[in-house]
Amino acid sequence: MSTKLGIIGGGQLARMLGMAALPLGIDCQSYDPDSKACAGKIAPIFQGSFDDSDALQEFAAQVDLLTYEFENVHLQTLAALDKSSPIYPQLASLEISQHRLREKKLFNHLEIRTNAFESVKNTTDLALAISNINLPLVIKSVSGGYDGKHQWVLKTQHDVDAWILHRQQENWRGQNPGWIAEGWINFQREVSMIGVRNVRGEMKFYDLCENVHRQGILSHTINKINDPLQADAEHYVAKLMQHLQHVGILTVEFFVCDGRLIANEMAPRVHNTGHWTIEAAHTSQFENHLRAIMNFPLGETASTTQSVIINCIGGHPDIKNILNYPNLHWHDYTKPARPGRKVAHMTYCDKNEISEVKIRELLKLQIFNV
């Protein structure tokens with residue numbers, strides 16, 4: 001008898017989880033407010049809002065265990081489900097990842113290096129942050145936001161005054177529970193480490209990924225075989241997974257500054273920077289997430305080839321150009337295009353190191369419409 005897995009969220013990550021589940025004999029169903037969410041053809045949609053506890057309870061009753069594909073799920077609602085249906089990764093990981101201040105404090109507690117930061121709830125807090133950290137600052141909402149949303153860069157006093165005026169117009173209220181001010185980092189690279197841990201505590205790690213963002217959205221990612229910071233990144237992610245008793249995939253994004261890792265944020269789920277693992281690793285992140293939460297032995301994570309992921313944002317290129325290109329693998333999420341939306345990705349594989357010239361050539365195939 002097959003296991004029934006419920007995935008909260010019906011986007012492309014749920015879709016790819018569902019595709020990885022089929023060979024393992026796992027049936028998936030996804031929960032999403034949109035009855036036409038792109039996971040639906042692979043993991044049929046149970047339609048309901050993310051804050052509808054009754055609908056979520058009904059959904060949970062139809063499956064054996066639950067996972068989620070994104071962080072912005074109501075924690076209290078999931079906590080009620082957790083009493084009757086196992087949820088992986090556990091809510092301790094989700095609670096940390098949903099709140100940037102708690103996240104940074106946990107990093108520091110575990111001696112994982114971060115940039116300087118301060119909590120900001122009013123003008124007095126902001127003045128203190130500027131005094132302690134200095135300009136420029138990055139102001140982020142402590143919760144919510146992705147792909148650069150709910151973030152402001154304050155480089156000058158004019159920027160500070162404009163940001164305060166905007167907050168005053170909202171009477172410092174709205175739905176925002178607060179902000180975090182972070183010191184600006186002149187980083188050389190952005191990288192991410194994807195680790196996985198199963199119920200028994202077995203852990204494995206993928207090759208460090210090097211990520212390039214444009215306008216706050218991930219443009220492309222390269223798996224860096226034999227990166228000199230691999231061991232440090234594994235050490236930090238292992239600390240987090242062990243501390244949280246995390247089960248499933250855990251991804252941590254870092255800045256690289258003067259040859260050292262500075263932790264930015266974590267995501268307790270399969271991650272956009274890990275799509276290359278489908279074609280270029282022995283076991284994809286999606287299969288290993290499923291193995292972990294089912295308490296199966298973890299699959300090997302070593303890279304089988306060099307690769308680069310190219311994301312398509314806001315539009316689809318001509319598929320004939322893609323399919324005519326040697327060693328290029330196309331993944332269409334079947335999502336309607338709109339500016340800023342991830343609608344597809346392509347993964348190029350090469351047994352040799354992929355040059356910057358080749359990456360620039362591949363980027364000419366990319367649609368990036370924000």
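# Exercises on a predicted model

The 35 positive and 40 negative charges of the protein have mean positions 2 Å apart. The structure is a predicted model, and the exercises below concern its overall form and three local sites.

**Exercise 1. Determine how the radius of gyration of the protein relates to the globule rule for 370 residues.**

Solution.
- Step 1. The protein contains 12 helices and 17 strands.
- Step 2. Its radius of gyration is 21 Å, close to the 21 Å that the globule rule gives for 370 residues, so the protein is as compact as a globular protein of that length.
- Step 3. The C-alpha trace spans about 60 × 55 × 40 Å along the principal axes.
- Step 4. Of the 370 residues, 55% count as buried. Among contacts with a separation of 6 or more, 62% are between residues 24 or more positions apart.
- Step 5. The accessible surface comes to about 16,400 Å², and carbon and sulfur atoms hold 48% of that area.

**Exercise 2. Classify P86 as buried, partly exposed or exposed, and identify the residues that P86 touches beyond four places in sequence.**

Solution.
- Step 1. P86 is located in the loop that runs between α3 (75-82) and α4 (91-97).
- Step 2. The relative accessible area of P86 is 36%. Buried requires under 20% and exposed over 50%, so P86 is partly exposed.
- Step 3. Leaving aside residues up to four places away in sequence, P86 touches D64, L65 and L66.
- Step 4. D64 is 22 residues from P86 along the chain, and the C-alpha atoms of the two are separated by 7.7 Å.

**Exercise 3. Describe the surroundings of Q306, including the polar atom pair formed with N223.**

Solution.
- Step 1. Q306 belongs to strand β15, residues 306-313.
- Step 2. With a relative accessible area of 11%, which is under the 20% limit, Q306 is buried.
- Step 3. Not counting residues up to four places away in sequence, Q306 touches I222, N223, I225, Y348, C349, D350, N352, E353 and I354.
- Step 4. For N223, the backbone oxygen lies 2.3 Å from a polar atom of the Q306 side chain.

**Exercise 4. Explain why helix α10 is described as largely enclosed.**

Solution.
- Step 1. Helix α10 covers residues 285-293.
- Step 2. Its buried residues are Q285, F286, N288, H289, L290, A292 and I293.
- Step 3. Because seven of the nine residues of α10 are buried, the helix is largely enclosed by the rest of the structure.
- Step 4. Just after α10, N295 adopts a positive phi of about 60°.

Key: Residues are numbered from 1 along each chain as its sequence is written. This is a predicted model: local features need pLDDT of at least 70, side-chain atom pairs count only at pLDDT 80 or more; totals for chains, interfaces and linings use all residues. Side-chain values use heavy atoms; hydrogens and water are left out. Helices (H or I, at least four residues) and strands (E, at least two) are DSSP runs, numbered from the N terminus. Buried means under 20% relative accessible area, exposed over 50%, partly exposed in between (1.4 Å probe, protein chains only). Contact means heavy atoms within 4.5 Å. The radius of gyration is taken over C-alpha atoms; the globule rule is 2.2 Å times the number of residues to the power 0.38. Accessible areas come from the Shrake-Rupley method with a 1.4 Å probe; for residues, only the protein chains shown count as cover. Lys and Arg count as positive and Asp and Glu as negative; His and the chain ends are not counted. The place of a charge is taken as NZ of Lys, CZ of Arg, CG of Asp or CD of Glu. A polar contact is a pair of N or O atoms within 3.5 Å; within protein, one must be able to donate a hydrogen and the other to accept it, and residues adjacent in sequence count only if both atoms are side-chain atoms.
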